[in-house]
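Here are my notes for you to read with the model open beside them. Take the points one at a time and find each place as you go.

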Amino acid sequence: MSTQHPDNANLPFFAESPELGGDDEVQEAYYAYSHLGCSEQMWDCEGKEVDNFVVRKLLTRYDTFFSEKKLGRDVFLTMRVPNPEVETAEAKILLETLESIPRSFDTASLFYGDESPPIFEVILPMTASHTAIDNIYRYYTDIVVGKQERRLGEGKTTIADWIGRFRPDRINVIPLFEEMDHMLDAHNVVRRYLEGKEIADQRVFLARSDPAMNYGLVSAVFLNQIALQNLREVSEETGTGIYPIIGVGSAPFRGGLSPLTVDRVVAEYPSAHTFTVQSAFKYDYPLEDVRTAVRRLEERTPGKPRPVDEAGALDLIERSTRAYERHLGPLAPLINRVARYIPERRKRKLHIGLFGYARSTGGISLPRAIKFTAALYSIGLPPEILGLEALDDADIGFIGEVYVNFDEDLKAAARFLNTETGFVPPELAARVADLTDVEPDEEHARLTAAIARALRENETGRLTALVLQAAHRRKFLG
(Lines give C-alpha, C1' and ligand atoms only; values in the text may rest on other atoms or scores of the structure.)
Protein backbone atom coordinates (compact mmCIF):
# COMPACT_ATOMS: atom_id res chain seq x y z
CA MET A 1 0.00 0.00 0.00
CA SER A 2 1.60 3.23 -1.18
CA THR A 3 0.90 6.05 1.28
CA GLN A 4 1.41 9.80 1.51
CA HIS A 5 3.51 9.81 4.70
CA PRO A 6 6.10 12.62 4.27
CA ASP A 7 9.27 10.85 5.42
CA ASN A 8 11.28 11.34 2.21
CA ALA A 9 14.54 13.26 1.89
CA ASN A 10 14.46 13.37 -1.93
CA LEU A 11 11.66 14.94 -3.95
CA PRO A 12 9.94 12.85 -6.64
CA PHE A 13 10.72 13.94 -10.19
CA PHE A 14 7.12 15.02 -10.81
CA ALA A 15 6.87 17.34 -7.80
CA GLU A 16 6.04 20.94 -8.71
CA SER A 17 7.22 22.19 -5.30
CA PRO A 18 8.99 20.78 -2.20
CA GLU A 19 5.56 20.19 -0.66
CA LEU A 20 3.42 17.66 -2.50
CA GLY A 21 -0.29 18.30 -2.69
CA GLY A 22 -3.26 18.49 -5.01
CA ASP A 23 -2.52 17.20 -8.51
CA ASP A 24 0.97 16.06 -7.47
CA GLU A 25 -0.67 13.42 -5.31
CA VAL A 26 -2.96 12.32 -8.16
CA GLN A 27 0.15 11.80 -10.30
CA GLU A 28 1.82 10.05 -7.36
CA ALA A 29 -1.01 7.52 -7.19
CA TYR A 30 -0.64 6.76 -10.90
CA TYR A 31 3.16 6.52 -10.49
CA ALA A 32 2.79 4.07 -7.60
CA TYR A 33 0.53 1.83 -9.69
CA SER A 34 2.20 2.10 -13.07
CA HIS A 35 5.91 2.47 -12.33
CA LEU A 36 6.42 1.01 -8.86
CA GLY A 37 3.93 -1.86 -9.10
CA CYS A 38 1.98 -1.08 -5.93
CA SER A 39 -1.51 -2.54 -6.01
CA GLU A 40 -2.99 -0.01 -3.58
CA GLN A 41 -2.80 3.72 -2.87
CA MET A 42 -4.01 5.21 0.39
CA TRP A 43 -5.72 8.55 -0.24
CA ASP A 44 -5.44 10.66 2.88
CA CYS A 45 -8.50 12.83 3.55
CA GLU A 46 -7.16 14.02 6.92
CA GLY A 47 -5.39 17.28 7.61
CA LYS A 48 -5.36 18.76 4.10
CA GLU A 49 -7.56 20.10 1.33
CA VAL A 50 -9.39 17.02 0.08
CA ASP A 51 -9.72 16.17 -3.60
CA ASN A 52 -12.90 14.12 -3.87
CA PHE A 53 -12.54 13.95 -7.67
CA VAL A 54 -9.42 11.80 -7.59
CA VAL A 55 -11.13 8.89 -9.41
CA ARG A 56 -12.28 11.14 -12.26
CA LYS A 57 -8.81 12.66 -12.56
CA LEU A 58 -7.08 9.29 -12.61
CA LEU A 59 -9.39 7.77 -15.21
CA THR A 60 -9.38 10.76 -17.53
CA ARG A 61 -5.66 11.61 -17.33
CA TYR A 62 -4.34 8.07 -17.45
CA ASP A 63 -7.09 6.35 -19.43
CA THR A 64 -4.76 3.99 -21.30
CA PHE A 65 -3.32 2.57 -18.08
CA PHE A 66 -6.66 2.24 -16.31
CA SER A 67 -8.26 0.64 -19.36
CA GLU A 68 -5.86 -2.24 -18.78
CA LYS A 69 -5.62 -2.10 -14.98
CA LYS A 70 -9.11 -1.78 -13.60
CA LEU A 71 -9.50 0.50 -10.60
CA GLY A 72 -11.21 -1.48 -7.85
CA ARG A 73 -10.20 -4.87 -9.25
CA ASP A 74 -6.53 -4.77 -10.29
CA VAL A 75 -5.42 -1.67 -8.42
CA PHE A 76 -7.11 -0.07 -5.42
CA LEU A 77 -7.70 3.37 -3.94
CA THR A 78 -8.45 3.39 -0.22
CA MET A 79 -9.61 6.53 1.57
CA ARG A 80 -8.27 7.45 5.00
CA VAL A 81 -10.97 9.57 6.61
CA PRO A 82 -10.99 11.81 9.71
CA ASN A 83 -12.23 10.29 12.95
CA PRO A 84 -15.15 12.54 14.02
CA GLU A 85 -14.78 11.46 17.66
CA VAL A 86 -11.26 12.94 17.78
CA GLU A 87 -10.82 15.36 14.89
CA THR A 88 -13.96 17.39 15.49
CA ALA A 89 -12.86 20.30 13.31
CA GLU A 90 -12.68 17.95 10.33
CA ALA A 91 -15.63 15.72 11.22
CA LYS A 92 -17.77 16.76 8.25
CA ILE A 93 -14.97 15.89 5.83
CA LEU A 94 -15.84 12.30 6.71
CA LEU A 95 -19.38 12.85 5.42
CA GLU A 96 -18.14 14.57 2.26
CA THR A 97 -15.80 11.66 1.58
CA LEU A 98 -18.52 9.05 2.09
CA GLU A 99 -20.88 11.01 -0.17
CA SER A 100 -18.20 11.09 -2.89
CA ILE A 101 -18.00 7.28 -3.12
CA PRO A 102 -21.23 6.86 -5.19
CA ARG A 103 -20.14 9.71 -7.46
CA SER A 104 -16.83 7.91 -8.07
CA PHE A 105 -18.85 4.77 -8.79
CA ASP A 106 -20.80 6.62 -11.50
CA THR A 107 -17.57 7.94 -13.03
CA ALA A 108 -16.02 4.47 -13.16
CA SER A 109 -19.28 2.96 -14.46
CA LEU A 110 -19.22 5.31 -17.46
CA PHE A 111 -15.52 4.61 -18.03
CA TYR A 112 -15.69 0.82 -17.78
CA GLY A 113 -19.26 0.19 -18.85
CA ASP A 114 -20.07 -1.96 -15.82
CA GLU A 115 -21.07 -1.61 -12.17
CA SER A 116 -17.97 -2.49 -10.17
CA PRO A 117 -16.98 0.08 -7.52
CA PRO A 118 -13.61 1.86 -7.82
CA ILE A 119 -13.65 2.65 -4.07
CA PHE A 120 -15.21 0.37 -1.49
CA GLU A 121 -13.03 0.74 1.63
CA VAL A 122 -12.20 3.54 4.05
CA ILE A 123 -9.66 3.62 6.89
CA LEU A 124 -10.71 5.00 10.29
CA PRO A 125 -7.68 6.29 12.27
CA MET A 126 -7.48 6.33 16.06
CA THR A 127 -10.15 3.65 16.40
CA ALA A 128 -11.17 3.19 20.02
CA SER A 129 -14.39 1.14 19.91
CA HIS A 130 -16.56 -1.06 17.73
CA THR A 131 -19.23 1.66 17.62
CA ALA A 132 -16.76 4.06 15.99
CA ILE A 133 -16.37 1.61 13.09
CA ASP A 134 -20.05 0.73 13.03
CA ASN A 135 -21.14 4.37 12.88
CA ILE A 136 -19.32 4.83 9.56
CA TYR A 137 -20.62 1.53 8.21
CA ARG A 138 -24.21 2.43 9.18
CA TYR A 139 -24.00 6.03 8.01
CA TYR A 140 -22.98 4.89 4.56
CA THR A 141 -25.61 2.13 4.25
CA ASP A 142 -28.46 3.93 6.03
CA ILE A 143 -27.88 7.56 5.01
CA VAL A 144 -25.67 7.80 1.91
CA VAL A 145 -27.30 4.84 0.18
CA GLY A 146 -30.52 4.68 2.20
CA LYS A 147 -31.72 8.14 1.22
CA GLN A 148 -32.22 7.05 -2.37
CA GLU A 149 -35.59 5.53 -1.40
CA ARG A 150 -36.91 8.77 0.05
CA ARG A 151 -39.69 10.44 -1.93
CA LEU A 152 -39.48 14.02 -3.06
CA GLY A 153 -42.28 16.20 -1.72
CA GLU A 154 -45.74 14.58 -1.94
CA GLY A 155 -45.09 12.83 -5.23
CA LYS A 156 -43.97 9.29 -5.99
CA THR A 157 -40.54 10.21 -7.35
CA THR A 158 -37.70 8.90 -5.22
CA ILE A 159 -34.22 10.35 -5.05
CA ALA A 160 -33.04 7.28 -6.99
CA ASP A 161 -35.63 7.95 -9.71
CA TRP A 162 -34.43 11.53 -9.88
CA ILE A 163 -30.63 11.20 -9.97
CA GLY A 164 -29.93 7.46 -10.20
CA ARG A 165 -29.06 4.66 -7.82
CA PHE A 166 -26.33 4.99 -5.15
CA ARG A 167 -23.66 2.33 -5.43
CA PRO A 168 -21.92 0.44 -3.95
CA ASP A 169 -24.58 -0.73 -1.51
CA ARG A 170 -22.08 -0.93 1.36
CA ILE A 171 -18.44 -0.25 2.11
CA ASN A 172 -15.77 -1.90 4.21
CA VAL A 173 -14.47 0.09 7.17
CA ILE A 174 -10.86 -0.64 8.16
CA PRO A 175 -10.11 0.25 11.80
CA LEU A 176 -6.67 1.74 12.45
CA PHE A 177 -5.47 1.12 16.02
CA GLU A 178 -2.75 3.47 17.28
CA GLU A 179 -2.85 3.80 21.07
CA MET A 180 -1.60 1.11 23.44
CA ASP A 181 -4.90 0.27 25.11
CA HIS A 182 -6.72 0.14 21.81
CA MET A 183 -4.08 -2.02 20.13
CA LEU A 184 -4.25 -4.49 23.01
CA ASP A 185 -8.04 -4.50 22.70
CA ALA A 186 -8.16 -4.54 18.89
CA HIS A 187 -9.28 -8.16 18.70
CA ASN A 188 -12.24 -7.53 21.01
CA VAL A 189 -13.25 -4.40 19.10
CA VAL A 190 -13.11 -6.26 15.78
CA ARG A 191 -15.05 -9.20 17.21
CA ARG A 192 -17.83 -6.90 18.43
CA TYR A 193 -17.95 -5.04 15.13
CA LEU A 194 -18.34 -8.27 13.14
CA GLU A 195 -21.31 -9.46 15.22
CA GLY A 196 -24.54 -9.54 13.24
CA LYS A 197 -22.90 -8.65 9.92
CA GLU A 198 -22.34 -10.84 6.91
CA ILE A 199 -18.68 -9.94 6.50
CA ALA A 200 -16.47 -12.68 5.11
CA ASP A 201 -13.24 -10.65 5.09
CA GLN A 202 -12.09 -7.80 7.32
CA ARG A 203 -8.91 -5.74 7.08
CA VAL A 204 -7.39 -4.33 10.26
CA PHE A 205 -4.71 -1.62 10.31
CA LEU A 206 -2.08 -1.56 13.08
CA ALA A 207 0.09 1.52 13.56
CA ARG A 208 3.81 1.07 14.03
CA SER A 209 5.11 4.65 13.87
CA ASP A 210 3.02 6.56 16.42
CA PRO A 211 3.25 3.77 19.03
CA ALA A 212 7.05 4.03 18.76
CA MET A 213 6.87 7.76 19.40
CA ASN A 214 4.39 7.30 22.22
CA TYR A 215 5.92 4.30 24.00
CA GLY A 216 9.36 3.61 22.49
CA LEU A 217 10.73 1.19 19.90
CA VAL A 218 10.49 -2.07 21.84
CA SER A 219 6.97 -1.38 23.09
CA ALA A 220 5.77 -0.56 19.56
CA VAL A 221 7.02 -3.87 18.17
CA PHE A 222 5.61 -5.85 21.09
CA LEU A 223 2.20 -4.17 20.78
CA ASN A 224 2.01 -5.13 17.12
CA GLN A 225 3.08 -8.70 17.79
CA ILE A 226 0.45 -9.13 20.51
CA ALA A 227 -2.28 -7.58 18.36
CA LEU A 228 -1.43 -9.81 15.40
CA GLN A 229 -1.55 -12.92 17.58
CA ASN A 230 -4.93 -11.95 19.07
CA LEU A 231 -6.42 -11.05 15.69
CA ARG A 232 -5.47 -14.46 14.35
CA GLU A 233 -7.41 -16.06 17.21
CA VAL A 234 -10.50 -13.98 16.38
CA SER A 235 -10.26 -15.05 12.75
CA GLU A 236 -10.16 -18.70 13.79
CA GLU A 237 -13.05 -18.26 16.25
CA THR A 238 -15.36 -16.39 13.90
CA GLY A 239 -14.44 -17.89 10.55
CA THR A 240 -13.95 -14.39 9.18
CA GLY A 241 -10.78 -13.80 7.23
CA ILE A 242 -8.82 -11.04 8.98
CA TYR A 243 -6.14 -9.37 6.89
CA PRO A 244 -3.77 -7.15 8.91
CA ILE A 245 -2.08 -4.03 7.55
CA ILE A 246 1.13 -2.78 9.23
CA GLY A 247 1.95 0.93 8.97
CA VAL A 248 5.75 1.02 8.64
CA GLY A 249 8.20 3.76 7.64
CA SER A 250 11.85 3.48 6.60
CA ALA A 251 13.54 4.53 9.87
CA PRO A 252 14.02 1.51 12.18
CA PHE A 253 12.17 3.51 14.84
CA ARG A 254 9.12 3.76 12.57
CA GLY A 255 9.17 0.20 11.24
CA GLY A 256 12.40 -0.14 9.28
CA LEU A 257 10.88 -0.99 5.89
CA SER A 258 13.07 0.11 2.99
CA PRO A 259 13.82 -1.54 -0.36
CA LEU A 260 16.86 -3.10 1.33
CA THR A 261 15.04 -4.60 4.34
CA VAL A 262 11.93 -6.25 2.88
CA ASP A 263 12.87 -9.78 3.96
CA ARG A 264 13.66 -8.69 7.52
CA VAL A 265 10.41 -6.79 8.03
CA VAL A 266 8.30 -9.52 6.47
CA ALA A 267 9.96 -12.01 8.84
CA GLU A 268 9.10 -9.75 11.79
CA TYR A 269 5.39 -9.65 10.90
CA PRO A 270 4.74 -12.83 8.88
CA SER A 271 0.94 -12.69 9.28
CA ALA A 272 0.60 -9.15 7.91
CA HIS A 273 -1.07 -9.09 4.50
CA THR A 274 -0.25 -5.48 3.66
CA PHE A 275 2.74 -3.24 4.39
CA THR A 276 2.74 0.50 3.86
CA VAL A 277 5.25 1.83 1.34
CA GLN A 278 5.86 5.38 2.49
CA SER A 279 7.58 8.26 0.71
CA ALA A 280 11.19 7.52 1.71
CA PHE A 281 10.80 3.96 0.43
CA LYS A 282 9.55 5.32 -2.92
CA TYR A 283 11.81 8.33 -3.48
CA ASP A 284 15.08 7.84 -1.57
CA TYR A 285 16.28 4.71 -3.41
CA PRO A 286 17.01 3.83 -7.05
CA LEU A 287 13.86 3.09 -9.03
CA GLU A 288 14.80 -0.48 -9.89
CA ASP A 289 15.50 -1.30 -6.23
CA VAL A 290 12.08 0.08 -5.30
CA ARG A 291 10.31 -1.87 -8.04
CA THR A 292 12.05 -5.11 -7.04
CA ALA A 293 11.17 -4.60 -3.38
CA VAL A 294 7.52 -3.82 -4.16
CA ARG A 295 7.31 -6.93 -6.32
CA ARG A 296 8.63 -9.06 -3.45
CA LEU A 297 6.01 -7.61 -1.13
CA GLU A 298 3.25 -8.16 -3.69
CA GLU A 299 4.24 -11.76 -4.38
CA ARG A 300 4.79 -12.97 -0.82
CA THR A 301 2.43 -15.39 0.93
CA PRO A 302 1.46 -14.38 4.50
CA GLY A 303 1.88 -16.93 7.26
CA LYS A 304 1.03 -17.28 10.92
CA PRO A 305 1.89 -14.61 13.51
CA ARG A 306 4.90 -15.03 15.74
CA PRO A 307 3.97 -16.64 19.07
CA VAL A 308 4.24 -14.15 21.92
CA ASP A 309 4.31 -14.68 25.68
CA GLU A 310 1.76 -11.94 26.25
CA ALA A 311 2.23 -11.65 30.03
CA GLY A 312 5.99 -11.35 29.69
CA ALA A 313 5.63 -8.91 26.82
CA LEU A 314 3.21 -6.69 28.75
CA ASP A 315 5.58 -6.57 31.71
CA LEU A 316 8.45 -5.50 29.49
CA ILE A 317 6.24 -2.96 27.67
CA GLU A 318 5.42 -1.31 30.98
CA ARG A 319 9.04 -1.05 32.10
CA SER A 320 10.41 -0.14 28.68
CA THR A 321 7.80 2.60 28.21
CA ARG A 322 8.60 4.14 31.60
CA ALA A 323 12.31 4.18 30.76
CA TYR A 324 11.62 5.72 27.35
CA GLU A 325 9.31 8.41 28.74
CA ARG A 326 11.94 9.55 31.26
CA HIS A 327 13.95 10.97 28.35
CA LEU A 328 11.11 12.91 26.73
CA GLY A 329 10.80 15.76 29.24
CA PRO A 330 14.47 16.80 29.16
CA LEU A 331 14.66 16.36 25.36
CA ALA A 332 11.37 18.05 24.42
CA PRO A 333 12.67 21.66 24.12
CA LEU A 334 15.56 20.54 21.91
CA ILE A 335 13.33 18.31 19.73
CA ASN A 336 10.85 21.14 19.23
CA ARG A 337 13.62 23.56 18.37
CA VAL A 338 15.19 21.27 15.75
CA ALA A 339 11.78 20.34 14.32
CA ARG A 340 11.29 23.93 13.15
CA TYR A 341 14.11 23.41 10.62
CA ILE A 342 12.88 20.11 9.18
CA PRO A 343 11.45 20.73 5.70
CA GLU A 344 7.80 20.05 4.96
CA ARG A 345 7.07 17.42 2.34
CA ARG A 346 3.26 17.57 2.09
CA LYS A 347 0.69 20.34 2.10
CA ARG A 348 -1.37 19.47 5.14
CA LYS A 349 -2.68 20.93 8.35
CA LEU A 350 -1.93 19.66 11.84
CA HIS A 351 -3.95 16.70 12.99
CA ILE A 352 -5.70 17.01 16.33
CA GLY A 353 -6.12 14.38 18.99
CA LEU A 354 -3.88 11.42 19.66
CA PHE A 355 -0.66 12.02 21.62
CA GLY A 356 1.37 11.18 18.54
CA TYR A 357 -0.59 13.61 16.35
CA ALA A 358 -0.41 16.81 18.39
CA ARG A 359 1.49 15.44 21.30
CA SER A 360 0.88 17.22 24.59
CA THR A 361 0.68 15.61 27.99
CA GLY A 362 2.03 16.46 31.40
CA GLY A 363 3.32 19.75 30.06
CA ILE A 364 5.35 18.06 27.27
CA SER A 365 4.54 19.01 23.68
CA LEU A 366 6.25 17.30 20.77
CA PRO A 367 5.91 17.29 16.96
CA ARG A 368 4.44 14.44 14.96
CA ALA A 369 6.32 11.17 14.59
CA ILE A 370 8.25 11.92 11.39
CA LYS A 371 9.57 15.28 12.60
CA PHE A 372 10.19 13.81 16.06
CA THR A 373 12.32 11.06 14.53
CA ALA A 374 14.07 13.45 12.14
CA ALA A 375 14.90 15.89 14.94
CA LEU A 376 16.56 13.23 17.10
CA TYR A 377 18.53 11.72 14.21
CA SER A 378 19.66 15.24 13.26
CA ILE A 379 21.37 15.71 16.61
CA GLY A 380 23.02 12.29 16.54
CA LEU A 381 20.58 10.69 18.98
CA PRO A 382 18.57 7.96 17.22
CA PRO A 383 15.28 7.51 19.13
CA GLU A 384 15.61 3.72 18.91
CA ILE A 385 18.07 3.77 21.84
CA LEU A 386 15.97 5.81 24.28
CA GLY A 387 15.27 3.74 27.40
CA LEU A 388 17.69 0.89 26.65
CA GLU A 389 19.82 1.76 29.69
CA ALA A 390 16.99 0.53 31.97
CA LEU A 391 16.86 -2.97 30.44
CA ASP A 392 19.15 -5.71 31.75
CA ASP A 393 20.62 -8.63 29.82
CA ALA A 394 17.64 -10.89 30.62
CA ASP A 395 15.30 -8.26 29.18
CA ILE A 396 17.42 -8.00 26.06
CA GLY A 397 17.30 -11.78 25.70
CA PHE A 398 13.51 -11.76 25.93
CA ILE A 399 13.30 -8.91 23.42
CA GLY A 400 15.35 -10.94 20.95
CA GLU A 401 12.89 -13.84 21.21
CA VAL A 402 9.90 -11.65 20.29
CA TYR A 403 11.48 -8.88 18.23
CA VAL A 404 13.61 -10.90 15.84
CA ASN A 405 15.19 -7.90 14.11
CA PHE A 406 16.14 -6.10 17.29
CA ASP A 407 19.90 -6.54 16.81
CA GLU A 408 19.80 -5.51 13.15
CA ASP A 409 17.58 -2.49 13.83
CA LEU A 410 19.83 -1.40 16.69
CA LYS A 411 22.89 -1.67 14.44
CA ALA A 412 21.14 0.30 11.70
CA ALA A 413 20.27 3.07 14.16
CA ALA A 414 23.64 3.04 15.96
CA ARG A 415 25.43 3.88 12.69
CA PHE A 416 23.97 7.36 13.10
CA LEU A 417 24.72 7.75 16.81
CA ASN A 418 27.10 10.62 17.53
CA THR A 419 28.22 10.70 21.15
CA GLU A 420 30.32 13.80 20.52
CA THR A 421 27.43 16.23 20.05
CA GLY A 422 26.84 16.54 23.79
CA PHE A 423 23.19 15.55 23.41
CA VAL A 424 23.56 11.82 24.09
CA PRO A 425 23.23 10.84 27.77
CA PRO A 426 26.38 8.91 28.84
CA GLU A 427 24.40 5.98 30.22
CA LEU A 428 22.69 5.55 26.85
CA ALA A 429 25.96 5.67 24.95
CA ALA A 430 27.45 3.07 27.31
CA ARG A 431 24.47 0.73 26.94
CA VAL A 432 24.52 0.90 23.16
CA ALA A 433 28.24 0.12 23.22
CA ASP A 434 27.46 -2.95 25.36
CA LEU A 435 24.77 -4.17 22.96
CA THR A 436 26.28 -3.59 19.55
CA ASP A 437 29.55 -2.85 17.82
CA VAL A 438 29.11 -0.89 14.63
CA GLU A 439 31.22 1.64 12.75
CA PRO A 440 29.55 5.07 12.81
CA ASP A 441 28.76 6.79 9.54
CA GLU A 442 31.49 9.45 9.38
CA GLU A 443 29.67 11.79 7.01
CA HIS A 444 26.50 11.71 9.12
CA ALA A 445 28.61 12.32 12.24
CA ARG A 446 30.17 15.36 10.57
CA LEU A 447 26.73 16.73 9.71
CA THR A 448 25.22 16.14 13.16
CA ALA A 449 28.27 17.79 14.74
CA ALA A 450 27.68 20.82 12.51
CA ILE A 451 23.99 20.85 13.49
CA ALA A 452 24.90 20.70 17.18
CA ARG A 453 27.38 23.54 16.73
CA ALA A 454 24.83 25.68 14.87
CA LEU A 455 22.26 25.10 17.63
CA ARG A 456 24.68 26.08 20.39
CA GLU A 457 25.90 29.16 18.56
CA ASN A 458 22.39 30.05 17.39
CA GLU A 459 23.54 30.11 13.78
CA THR A 460 20.30 28.75 12.36
CA GLY A 461 20.61 29.97 8.76
CA ARG A 462 22.12 26.68 7.53
CA LEU A 463 20.19 24.31 9.78
CA THR A 464 17.58 23.20 7.25
CA ALA A 465 20.27 22.48 4.66
CA LEU A 466 22.30 20.47 7.19
CA VAL A 467 19.25 18.55 8.38
CA LEU A 468 18.40 17.67 4.80
CA GLN A 469 21.97 16.58 4.00
CA ALA A 470 21.91 14.23 6.99
CA ALA A 471 18.53 12.86 5.87
CA HIS A 472 19.94 12.17 2.39
CA ARG A 473 22.76 10.25 4.03
CA ARG A 474 20.32 8.09 6.03
CA LYS A 475 17.89 7.73 3.08
CA PHE A 476 14.96 8.94 5.14
CA LEU A 477 13.90 12.20 6.68
CA GLY A 478 12.31 10.77 9.80
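1. Start with strands S6 (residues 241-247) and S7, which run parallel and are joined by 2 bridges. Strands, at least two residues of E, and helices, at least four of H or I, are DSSP runs numbered from the N terminus. Look for Ile 245, which sits opposite Thr 274 in S7. A quick word on the source: this is a predicted model, where local features need pLDDT of at least 70 and side-chain atom pairs pLDDT 80 or more, while totals for chains, interfaces and linings use all residues. Residues are numbered from 1 along each chain as its sequence is written, and side-chain values use heavy atoms, leaving out hydrogens and water.

2. Now zoom out to the open sheet: its 7 strands follow the order S1-S2-S3-S4-S5-S6-S7, with parallel pairing (two strands pair if DSSP finds at least two bridges between them). Which strands are at the edges? They are S1 (40-44) and S7 (274-275), each pairing on one side only. Helix H10 (residues 217-238) packs on the sheet and touches S5 (201-207) and S6; its direction makes about 165° with that of S6.

3. You should find 30 salt bridges in the structure (a side-chain nitrogen of Lys or Arg within 4 Å of a carboxyl oxygen of Asp or Glu). One of them pairs Arg 203 with Glu 121, with the closest N and O atoms 2.9 Å apart. Arg 203 is in strand S5 and Glu 121 in strand S3 (residues 121-124), so this pair ties together parts 82 residues apart in sequence.

4. Next, try helices H19 (residues 442-456) and H20 (residues 463-474): they pack at about 160°, with axes 9 Å apart (axes are lines fitted to C-alpha atoms, for helices over the stretch in contact, and angles run from 0 to 180 degrees between N-to-C directions). That makes H19 roughly antiparallel to H20 (over 145 degrees). Residues that meet here include Leu 447 and Ile 451 in H19, and Leu 466 and Val 467 in H20 (contact means heavy atoms within 4.5 Å).

5. Finally, compare H5 (residues 130-145) and H8 (residues 186-194), which pack at about 40° with axes 8 Å apart. That makes H5 oblique to H8 (neither under 35, nor over 145, nor 65 to 115 degrees). In H5, His 130, Ile 133, Asp 134 and Tyr 137 meet Val 189, Arg 192 and Tyr 193 in H8.
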